[in-house]
Amino acid sequence: MKHFIYLFLFLFSASFLLAQDEEEIIVTASLTDQMLSDIGKPVNVITADELDAAGRTSLGESIDGLLGVTSADYGFAVGQPVIRGMSGPRVKILRNGLVNRDVSGLGADHPIEINLNDIQQIEVVRGPSALLFTNGGIGGLVNVVDNSIARKDLDGRNINVDFEGQSVNNGSSVAFGARDNINGVNLSYSYENTDFGNFDIPDEAVRHSEEEHHDEHEGEEEEHHDEHEEKELGYLENSDYERFSHRLGFSKVEDWGYIGASVNVLETHYGIPYHGEGHGGEEGHDEHEGEEEHDEHEGEEGHDEHEGERIFSVTDSREANIQGSYAFDTGSLGKIDYFLRNTNYSLTEGHAEAGHDEHEGEEEHDEHEGEEEDDEHGHEEGPTVFSNDAIEVGAIFDFSTSDLEQKISINLAKEDTSIIGQEAFMSPAKSDEYTAGYFISKEFPNQHLDFGVRYDSVNRKGSISEHDEHDEHEGEEDHDEHEGEEDHDEHEEEHAEKTLYDIGMDSASLALTYCYDILENVKIFFGASSVQRAPSAVELYMNGPHLATGRLETGNPNLNAERSNNLDVTLEFDVDGWYGNISVYSNSVTDYIYLQDETGEEHEEHAGEDDHGGLIAANYLQKDAEFNGYEFEVGKVFDVNNGEVEISFGRDSVEGKFAAGGFIPRMSPSRNLFKISYENDAIRTTLSFKDVEQMDNLALNETMSEAYQMVDFTISGITSLGPDVDLKTSFFASNILDEVARNHNSFVKDQVPLPGRNFGLRFSLRF
């Protein structure tokens, strides 16, 4: 099949081979206010039109087609970016240049709370050169840019009404946006309401372990019935997703600069398509609970306890921003850019019986928390609330002159993170961050130099309890007491036994990028950096069952800061319609922090005493590590029939290994990326083919991920309906071959495969 696809794409490409000159497309990056052609390939920009043409999806999936960038998914709702094999706190997610402070770092099943509706573009910086824009970005950064606070006066009124439908989830999305300048004040507003159901998957796409199929309390006949039922579903249960958002902003622009404010409100509701065993799980629960309680869960139909239960999350994000710039007429200080951001974020994970409507707000929580309701249904999983309240203030002092760019930045941030409820796996933590940086940029004839240095002071306060305290979740008598008074006493005792920590870490980082124009259209970039990253609160203080990953995770308050020493060389050319780039990098990380699972033998050793409720015991450890990889792309642009045809082929590959031997878990497999597109004044169409190779460089306890091929197609066009009224129509198709695809970056690649074949339509009416 793969050879047939290559042949088809080659023949489709060859039909357009009428060579002419390429027309340059100018794209500006907001992080530097420079044309992308002047920055180089470490910075990639995806425009709003490209995002709209491909349909709504997660942030990680939206940028998965870029070289060196993949996604760690957990169903449709969650897609956390992976850059050059690095993810989590090593990849900074920014909104309008400021770090997005949600709780996505607290769980693989938590979404990045950024709405991609009505944005300008997404910018991606690969590698530690991200230091020039934010601290701690060893892997890189992703910046989502909107124009809610306009830095320049808006040119007239602009209104858009959008509708999108997708087949794979039988879902729809409605959006509205309006921008205008009224009496010298720039106003912008956007609204979105998205409702996607469970997404379809190819036949037999979900892998079920022997433990998941087998229940020691159920007969063989019922087991076969359940397996048959799962195969016949054709969709992934609890993979639905809903999103509701408002964004309002205003600004005042004058000769001295601008000042503005914005408010973002984002609410989501989505199912958790996989929940680990243990605390309420099938295997761990059945082994630790008595027969009497098991019979209560079985019910008249004889199903296991999770079969009649829906696990879901509800998020609520409130963000307020003040941002401005003031320019000075005289003196060495040219201008000051400043900001203040306050974020209140919460994620509530709950359990509901089949057929129960969990959309009822406070009523929903009352049903789960009330003792009477728990007794009636025979399960006691109340909601768990993850919250993060953050405030950040900063300023950039610009001392630039006509031939030298110099800036000094100062940032202060405070975060209060807590997990409260039945499945809390970390005690509340407080983080204080102070950052000061100096950046210089100099243009020489045929050369360009960027240099940055940062000083970071991070303080994290938290606590850790002994693992023995988790036994209360698994014992029969303790489990029945969670809602009563004895449970309250237990929590008071647990609080008294906690060990408090107050950890302060100071670090210095630097990065240098040098560009040399070998010829007029041939450039070479050299990057060198030494970046230090303080451990996150999760890596330090995690201490409990994390059911979303199926693990009992334990942090380590004695972790050192990571030190990444990176070398990066990129060659670019753009000659006679041919373009290309190749990047080679080597990243040596001292004290690399990773989550190490116990082996099967280790699990068996303590199975008779404590099997962690059926969960895998995993600990945060440190080892020196090395990341080596490359990315290359070559393409050609042709003039054909009053339009342009662009053909490109790219490949990326990264290998992560520990210095002492062994591979790093959940690394990105090697990929081949082929794309052909045609564009004229009326339409743009793109056919892309992604060939993901088999991943067999496996870490300890990892399983192999098979190769797969993805064929996607988009076509969009604009029709004029009258003066200043346009209709943009887009058709998109993804996974056309209906491939069974598993993302090796994902914790749940076996249980949560990628969606099956999808067709979609998007209509955008613009006034």
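How much space lies in the second largest cavity? About 140 Å³, in what is a predicted model.

**The cavity and its lining**

Let's stay with that cavity for a moment. Its lining counts 15 residues, and those closest to the centre are S58, I112, I114, Y241 and R243. Two elements each give two or more residues to this lining: strand 13 (241-254) and strand 14 (257-271). By character, the lining residues of the second largest cavity divide into nine nonpolar, four polar and two charged. The structure as a whole holds ten cavities of 30 Å³ or more.

**An open sheet**

Next, have a look at a sheet. Five strands make up this open sheet, in the order 3-8-9-6-7, with mixed pairing. Strand 3 (43-47) and strand 7 (98-99) stand at the edges; each has a single partner strand, so one side of each is left without a neighbour in the sheet. Strand 8 and strand 9 pair in the antiparallel sense over six bridges. Within this pair, Q121 stands opposite V145 in strand 9.

Here are the residue ranges of the two antiparallel partners:

| Strand | Residues |
|---|---|
| Strand 8 | residues 121-126 |
| Strand 9 | residues 140-145 |

**A glycine in strand 21**

Finally, find G504 in strand 21, which covers residues 499-519. Is G504 buried or exposed? G504 is exposed, because its relative accessible area is 54%, over the 50% cut-off. Leaving aside residues up to four places away in sequence, G504 touches V458 and N459. S431 lies 73 residues from G504 in sequence, with 9.6 Å between their C-alpha atoms.

Key
Residues numbered from 1 in each chain as written. Predicted model: local features only at pLDDT ≥ 70, side-chain atom pairs only at ≥ 80, totals over all residues. Heavy atoms only, no water. Helix = DSSP H or I, 4+ residues; strand = E, 2+ residues; numbered from the N terminus. Buried < 20%, exposed > 50% of the residue type's maximum accessible area, 1.4 Å probe, protein only. Contact = heavy atoms within 4.5 Å. 1 Å grid on protein atoms, 1.4 Å probe; cavity = no way out; pocket = protein on both sides within 12 Å on 5 of 7 lines; lining within 4 Å. Points joined across faces, edges and corners; volume = space filled by probe spheres on them. Nonpolar A, V, L, I, M, F, W, Y, C, P; charged D, E, K, R; others polar. Pairing = 2+ DSSP bridges.
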